[in-house]
Amino acid sequence: LQTNADMYLNSPRGSNNKLREQSNNVQNANRLFDSQNNAASGYQIGDDCKPACKDENNNYDVTKEGATRGTMKYYQESELYIDWYMQHGCGVGQPNLRCQIVLQYMCESENVNLRDGTGQGSAGGDGEDPTEEETAEPERGDHEVLS
């Protein structure tokens with residue numbers, strides 16, 4: 001049995017398919033997965049520009065050094081608190097909703113080919129599996145299929 005739900009990761013920040021939108025709303029709700037994104041949900045990728053990723057007109061400039069290169073840093077043996085939002089409820093007090101949350105993660109140092117996609121396009125075709133050439137493109141996200 002497989003079920004889909006609206007769940008948004010808050011900490012560490014989850015993209016919910018956002019990358020580097022020019023507004024607060026997601027531009028491609030199917031960039032990495034079918035998020036059924038509720039417009040402004042999720043977090044942008046983040047930047048590491050010094051001082052800011054803006055052009056001479058004060059508009060965001062993705063070509064600036066450090067743009068889309070923001071990272072979250074965690075230290076060995078520190079505690080990481082995980083926080084998410086379940087849009088439609090879950091658990092005690094919700095007699096018609098039962099849920100099981102499975103947290104899956106992977107470390108880049110142990111998986112050198114791990115990628116989360118830097119392109120705004122979808123990871124696969126629209127309703128079709130991606131071609132072998134599309135799958136090999138490093139700017140595309142690479143996620144396991146839902147089966």
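Q: How many salt bridges does the structure hold, and what makes the pair D48 and K50 count as a salt bridge?
A: In this predicted model, the structure holds one salt bridge. D48 forms a salt bridge with K50, and the closest N and O atoms of the pair are 2.6 Å apart. The definition asks for a side-chain nitrogen of Lys or Arg within 4 Å of a carboxyl oxygen of Asp or Glu, and therefore the 2.6 Å between D48 and K50 meets the cut-off.

Q: Why is D48 called partly exposed, and why is K50 called exposed?
A: The relative accessibility of D48 is 39%, and because the class of partly exposed residues lies between the limits of 20% and 50%, D48 counts as partly exposed. K50 has a relative accessibility of 69%, and since exposed means over 50%, K50 counts as exposed.

Q: What makes the peptide bond from K50 to P51 cis, and where is P51 placed?
A: The peptide bond from K50 to P51 has an omega near 0°, and it is cis. P51 itself has its place in the loop between strand 1 and strand 2, the latter spanning 83–86.

Q: Is T68 buried or exposed, and how do you know that?
A: T68 has a relative accessible area of 11%, and because buried means under 20%, T68 is buried. T68 is found in the loop between strand 1 and strand 2, and its phi is near 55°, a positive value in a residue other than glycine.

Q: Is E77 buried or exposed, and what is the sign of its phi?
A: At 77% relative accessibility E77 is above the limit of 50%, and therefore E77 counts as exposed. E77, which also has its place in the loop between strand 1 and strand 2, shows a positive phi of about 70° although it is not a glycine.

Q: Why is L9 called partly exposed, and which nonpolar patch does L9 help to form?
A: L9, which lies in strand 1 (residues 7–11), has a relative accessibility of 33%, between the limits of 20% and 50%, and therefore counts as partly exposed. Together with residues including M7, Y74 and W84, L9 forms a nonpolar patch on the surface, with about 750 Å² of accessible area together.

Q: What pattern does the chain follow, and how much of the chain is buried?
A: Read along the sequence, the chain follows the pattern β-β-α, with one helix and two strands. Buried residues make up 21% of the 147 residues in the chain.

Notes: Residues are numbered from 1 along each chain as its sequence is written. This is a predicted model: local features need pLDDT of at least 70, side-chain atom pairs count only at pLDDT 80 or more; totals for chains, interfaces and linings use all residues. Side-chain values use heavy atoms; hydrogens and water are left out. Helices (H or I, at least four residues) and strands (E, at least two) are DSSP runs, numbered from the N terminus. Buried means under 20% relative accessible area, exposed over 50%, partly exposed in between (1.4 Å probe, protein chains only). Patches are made of residues with over 30% relative accessible area and no salt bridge: like charges are joined within 9 Å, nonpolar side chains (Val, Leu, Ile, Met, Phe, Trp, Tyr) within 5 Å. Accessible areas come from the Shrake-Rupley method with a 1.4 Å probe; for residues, only the protein chains shown count as cover.
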